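Let's take a walk through this protein together, going from its overall layout down to single side chains. Have the sequence and the 3D view open as you read.

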Amino acid sequence: MKRKIACLLTAIIYSVFILTGCAKQETTEKDDLTVIGMSQVGAESDWRQADTASMKAVFTEANGYRLLFDDARQEQENQFVAIRRFIQQKVDYIVVMPITENGWDAVLKEAKDAGIPVILVDRMVNVKDEDLITAHVGSDFYAEGKKATDWMKEKYANAEQVNIIHIQGTKGSTPQIGRTAALDDAVKANSKWKVIARMDGDFTEAKTYEVMKEYLSNRDTLPQIDVVYCENDNEAYGAIKALEGFGYTCGKNGVSVISFDATYNALVYCQKGKIAMTVECNPLLGPLVESVIKTLKAGEKPEKNRYVEESAFRPEDITEELLASRKY
Ligand code: AHR
């Protein structure tokens, strides 16, 4: 009996030893992870979802990261709350996709005072002290807008007048500011171009559909519509749905719908001719953010501002190979 008890005790002690050993090993491994606090805009568009997927694919435990991901649901105040929480949690890096540009000085100074590098992704912020930002990776939104207006210049070179409806993205966000500025500059430079209506689509299909439907409900009193300049793909889907609902044709001999992002569905719309020009905005930014973090870890200084390469597509540019290889 005594022998049995002794054996049992040994087995228990051994199991406890193994278990605590494993647990310890797991804690140690987790402690080695680089902790990233990430504040994402929301899930307003296909582009945004592809961007989130790109981040989540890179910042995995298998790659040595613990990702604390926060979805701000398109509210800047939610981003401030998340960033303050990340500071309390003493994360190693803060990654932010800022919804709009203004109002960031105080919260980013708190991050700087806590010694946490802040990396901006996609959009920018407007702050007095540039040192609040360690690095930015994203798109040159003015250059994107210029690609669209250059195409319009070519297409309407001989037109008497070009009537444009402008659907803006989230007001005060970097893509809205850049894409709007490119259109405004082109309108100033082309005396025959006229913005006949400007509406807020907030980068969503639903909102654009609503505002366009309301605008088009006065169809009999409206001037001819030549171009609908939508500041992203999802706005274009909403605009096309409303236009077609009121009997307009979108395409070569009808309304030219312009979109930004060039996600897979937009390329399909473009192939069918419903989108006349879609300008690429690359959401696959996870690997670039990781390369900034690796540079910082190596004690080096990353590039302050890194713009990604992007192109633009017309219906004739959409091949089956392009569609098959599109990752977003
Ligand atoms: O900031 C990038 C923009 O935000 C994309 O064009 C749009 O689709 C997204 O919502």
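Start where the two halves of the fold meet: domain 1 and domain 2 bury about 1,200 Å² between them, and 52% of that area is on carbon and sulfur atoms. If you wonder why an area is quoted here, the size of an interface is often given as the accessible area lost when the parts come together. Please keep in mind that this is a predicted model.

Where do the domains run along the chain? Domain 1 is made of residues 33-139 + 283-297, while domain 2 takes in 141-281 + 314-325. Their contact draws on 13 residues from domain 1 and 19 residues from domain 2. Measuring over C-alpha atoms would be one way to place them, and by that route the centres of domain 1 and domain 2 are separated by 30 Å.

What kinds of interaction are counted across this boundary? Between domain 1 and domain 2 there are 6 residue pairs in polar contact, and the number of salt bridges between them is 0. On the side of domain 1 that touches domain 2, the residues sort into 4 nonpolar, 4 polar and 5 charged.

Salt bridges do turn up elsewhere, with 21 found in the structure as a whole. A good one to look at joins Glu44 and Arg123, whose closest N and O atoms are 3.7 Å apart. Glu44 sits in the loop between strand S1 (34-40) and helix H2 (46-58), and Arg123 in the loop between strand S4 (118-122) and strand S5 (135-138), so this pair ties together parts that are 79 residues apart in sequence. Are the two partners buried or exposed? Glu44 has a relative accessible area of 11% and is buried; Arg123, with a relative accessible area of 2%, is buried too.

Stay with Glu44 for a moment, and turn to its other partners. Its side chain makes a polar contact with the side chain of Arg48 at 2.9 Å. Setting aside residues up to four places away in sequence, Glu44 touches Gln74, Arg123, Phe203 and Thr204. For a sense of scale, Glu44 and Arg179 are 135 residues apart in sequence, and their C-alpha atoms are 18 Å apart in space.

Arg48 leads on to another salt bridge, in which its side chain meets that of Asp51 at 3.8 Å, N to O. Arg48 and Asp51 are 3 residues apart in helix H2, so about one helical turn separates them. Both Arg48 and Asp51 are buried. Step back and a wider pattern appears: Glu44, Arg48, Asp51, Asp122 and Arg123 are linked in a network of salt bridges.

Next, move to helix H5 (residues 141-155) for a salt bridge in another setting. Here the side chains of Lys146 and Asp150 meet at 3.2 Å, N to O. Lys146 and Asp150 are 4 residues apart in the helix, so they too are separated by about one helical turn. How accessible are these residues? Lys146 counts as partly exposed because its relative accessibility is 38%, and Asp150 counts as partly exposed at 32%.

Helix H5 also holds Lys155, which is partly exposed with a relative accessible area of 37%. Not counting residues up to four places away in sequence, Lys155 touches Lys252 and Ser256. Lys155 and Ser256 are 101 residues apart in sequence, yet 9.7 Å apart in space, C-alpha to C-alpha.

Finish the tour at Asn232, in the loop between strand S8 (227-230) and helix H8 (233-245). With a relative accessibility of 2%, Asn232 counts as buried. What does its side chain reach? One partner is the backbone oxygen of Phe203, at 3.1 Å, and another is the backbone nitrogen of Asn234, at 3.3 Å. Leaving aside neighbours within four places in sequence, Asn232 is in contact with Ser45, Arg179, Phe203, Ser259, Phe260 and Asp261. You have met Phe203 already, as one of the residues that Glu44 touches.

Notes
Residues are numbered from 1 along each chain as its sequence is written. This is a predicted model: local features need pLDDT of at least 70, side-chain atom pairs count only at pLDDT 80 or more; totals for chains, interfaces and linings use all residues. Side-chain values use heavy atoms; hydrogens and water are left out. Helices (H or I, at least four residues) and strands (E, at least two) are DSSP runs, numbered from the N terminus. Buried means under 20% relative accessible area, exposed over 50%, partly exposed in between (1.4 Å probe, protein chains only). A polar contact is a pair of N or O atoms within 3.5 Å; within protein, one must be able to donate a hydrogen and the other to accept it, and residues adjacent in sequence count only if both atoms are side-chain atoms. Contact means heavy atoms within 4.5 Å. Domain bounds come from an automatic or database domain assignment. Buried area is the accessible area (1.4 Å probe) that two parts lose on being put together, summed over both. A salt bridge is a side-chain nitrogen of Lys or Arg within 4 Å of a carboxyl oxygen of Asp or Glu. Ala, Val, Leu, Ile, Met, Phe, Trp, Tyr, Cys and Pro count as nonpolar, Asp, Glu, Lys and Arg as charged, and the others, Gly among them, as polar.
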